[in-house]
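The following exercises ask the reader to work from secondary-structure pairing to side-chain contacts. Each task is followed by a solution that proceeds step by step.

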Amino acid sequence: MRLLIVGTLGGQLTTATKIAMERGASVTHAPGASEAMKVLRSGQGADLLMVDVNEDIGQLVELTERERIHVPIVACGLGTDARAAVSAIRAGAKEYIPLPPDPDLIAAVLSAVTEEREDLIYRDAAMASVIKLAEQVAPSDASVLITGESGSGKEVISRFLHSKSSRSSKPFISINCAAIPEHLLESELFGHEKGAFTGAVARRVGKFEEADGGTLMLDEISEMDVRLQAKLLRAIQERVIDRVGGSRPVPVDIRIIATSNRDLAEEVRNGTFREDLLYRLNVVNLKLPALRERPADILELASHFIEIYAKANGTKPLPISQEGRQLLLANPWKGNVRELENTMHRAVLLSTGAEIDADAIRMPDGSPIAMGAGQQTAARAAHAAEAASRDMVGRTVADVERDLILDTLDHCLGNRTHAAKILGISIRTLRNKLNLYTKEGVEVPGPGEARAGTVDA
């Protein structure tokens with residue numbers, strides 16, 4: 001993430017800078033509001049402003065709003081100055097950080113404000129197939145559409161694609177189309193020229209130019225207004241943009257990754273999304289399964305979050321009890337990975353024994369997560385799936401894929417057409433795979449046959 005620190009507060013913000021950089025943030029300094037605005041207009045940009053509480057935060061908020069710049073502000077001040085903290089929040093700051101800075105608090109605020117998640121943790125075969133496809137397309141410049149429910153990890157996959165691409169040394173810029181008001185989004189994306197509208201006192205570079213040479217992620221693109229979609233389509237097709245109020249096209253060299261938690265084909269039918277834009281974006285579609293559809297990932301992610309939040313709270317990471325594991329596997333996780341993360345954060349705080357048991361796994365209001373008879377059945381099934389997936393750890397995706405194909409073929413008594421339908425692949429792809437296995441010396445059943453030692457289910 002990109003952090004812009006405004007002011008000094010007697011050197012205390014220098015310590016905050018060091019902490020932020022240790023957390024992987026790129027940090028720029030500005031002595032005051034006017035210098036901060038120059039940075040924001042220039043194309044360096046920022047995901048977050050950390051501002052000295054002695055600065056005029058209200059004026060800075062007004063300046064960014066007037067020039068259609070959308071960036072969250074966090075105020076920083078001496079911990080004892082409660083009045084300044086309240087004034088800063090009322091002026092428009094999203095959070096207040098007391099100084100001297102606490103490393104874990106700085107890290108938590110950076111994560112909460114930007115919602116960045118860079119850890120790619122998975123075990124389930126359903127997720128492994130998505131990662132395999134992502135690895136295959138990452139080196140190209142093809143546009144990628146990532147779909148899935150909210151909280152399922154679309155930004156994590158976007159960053160993974162960028163890290164594996166030839167553009168990895170260039171910027172990764174993300175913009176949430178749902179979080180930015182419609183009248184601000186155009187300037188955020190394309191920038192504007194001086195005098196383009198009231199308040200445009202200087203040229204401002206937008207996200208397209210900030211991402212030049214790198215990757216631009218358009219998060220929740222289904223929320224973008226149809227009028228703005230037309231301008232986006234031209235930018236993708238012709239690799240040029242028009243700043244608001246500009247008279248000269250500006251060339252850009254970027255890769256587009258778009259995400260959506262909606263069915264864009266349905267949005268096209270409803271007239272809220274352009275069909276030609278969908279075709280441009282949907283060169284490759286990575287469909288992220290919901291967390292409940294990849295049960296083997298639940299406990300893996302849960303342990304990962306326990307490690308993170310135990311460290312943040314200065315405690316020892318605890319194992320999850322058998323009852324706790326069953327409860328986690330049974331929960332439907334409508335909020336997906338994000339909900340699981342919050343749940344494990346609470347569990348770390350609420351645990352009192354040698355294990356994280358079911359009593360510590362609670363709702364945000366402290367009420368227990370109830371597990372009915374139906375959920376208990378689901379828990380047993382999910383636990384069995386999780387245990388089975390443990391056998392896949394240490395194996396390659398190719399090995400798992402080969403076994404799945406051959407087991408399905410056995411089930412179909414060697415019928416290629418039926419097996420291809422079950423696997424969701426073309427008959428040609430299946431035959432190519434089987435020819436490869438035969439060359440590798442693997443037994444492949446013929447029509448009407450099953451491999452030796454196998455029984456059709």
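**Exercise 1. Find the bridge partner of Thr 147 in β12, and describe the surroundings of strand β6.**

In β12, Thr 147 has Lys 287 as its bridge partner. The model is a predicted one, in which local features need pLDDT of at least 70 and side-chain atom pairs count only at pLDDT 80 or more, whereas totals for chains, interfaces and linings use all residues. Residues are numbered from 1 along each chain as its sequence is written, and side-chain values use heavy atoms, with hydrogens and water left out.

Step 1 is the pairing with β12: four bridges join β6 to strand β12 (residues 284–287), and the two run parallel. Strands here are DSSP runs (E, at least two residues), as are helices (H or I, at least four residues), both numbered from the N terminus, and two strands pair if DSSP finds at least two bridges between them.

Step 2 turns to strand β11 (residues 255–260), which is joined to β6 by four bridges and runs parallel to β6. Within β11, Ala 258 is the bridge partner of Leu 145.

Step 3 considers the faces of β6 (residues 144–147): Val 144 and Ile 146 on one side, and Leu 145 and Thr 147 on the other, are all buried, and both faces are thus covered. Buried means under 20% relative accessible area, exposed over 50%, and partly exposed in between, with a 1.4 Å probe and protein chains only.

**Exercise 2. State the strand order of the open sheet of five strands, and place Asp 52.**

Step 1 gives the order as β2-β1-β3-β4-β5, with parallel pairing throughout this open sheet. Because β2 (26–30) and β5 (95–99) each have a single partner strand, they stand at the edges, and one side of each is left without a neighbour in the sheet. Neighbouring strands of the sheet are turned by 25° against each other on average, direction ignored; the axes are lines fitted to C-alpha atoms, and angles run from 0 to 180 degrees between N-to-C directions.

Step 2 examines one pair, since four bridges join β3 (residues 48–52) to β4 (residues 73–78), and Met 50 stands opposite Val 74 in β4.

Step 3 locates Asp 52 in strand β3, where Asp 52 counts as buried because its relative accessibility is 5%. Its side chain reaches the backbone nitrogen of Asn 54 at 2.8 Å. An unreviewed UniProt entry lists Asp 52 for "modified residue: 4-aspartylphosphate", although such annotations may be inferred rather than shown by experiment.

**Exercise 3. Which elements do the buried residues of α2 pack against?**

Step 1 names the buried residues of helix α2 (residues 33–42), which are Ala 33, Ala 36, Met 37, Val 39, Leu 40 and Arg 41.

Step 2 identifies their partners as β1 (2–6), β2, β3 and α3 (57–66), where contact means heavy atoms within 4.5 Å.

Step 3 follows the chain onward to Gly 43, which takes a positive phi of about 110° just after α2.

**Exercise 4. Which parts of the chain do the salt bridges of Lys 154 and Glu 186 link?**

Step 1 sets the criterion, a side-chain nitrogen of Lys or Arg within 4 Å of a carboxyl oxygen of Asp or Glu; the structure holds 30 salt bridges.

Step 2 takes Lys 154 and Glu 220, whose closest N and O atoms are 3.8 Å apart. Lys 154 lies in helix α7 (residues 154–163) and Glu 220 in the loop between β8 (215–219) and α10 (226–238), so the pair ties together parts that are 66 residues apart in sequence. Both Lys 154 and Glu 220 are buried.

Step 3 takes Glu 186 and Arg 227, whose side chains meet in a salt bridge (3.5 Å, N to O). This pair links distant parts of the chain, with Glu 186 in helix α8 (residues 182–190) and Arg 227 in helix α10, 41 residues apart. Glu 186 counts as buried, because its relative accessibility is 16%.

**Exercise 5. What does the side chain of Glu 341 contact?**

Step 1 places Glu 341 in helix α15 (residues 336–350), and with a relative accessible area of 6% Glu 341 is buried.

Step 2 finds a polar contact between the side chains of Glu 341 and Tyr 309 (2.5 Å). A polar contact is a pair of N or O atoms within 3.5 Å; within protein, one must be able to donate a hydrogen and the other to accept it, and residues adjacent in sequence count only if both atoms are side-chain atoms.
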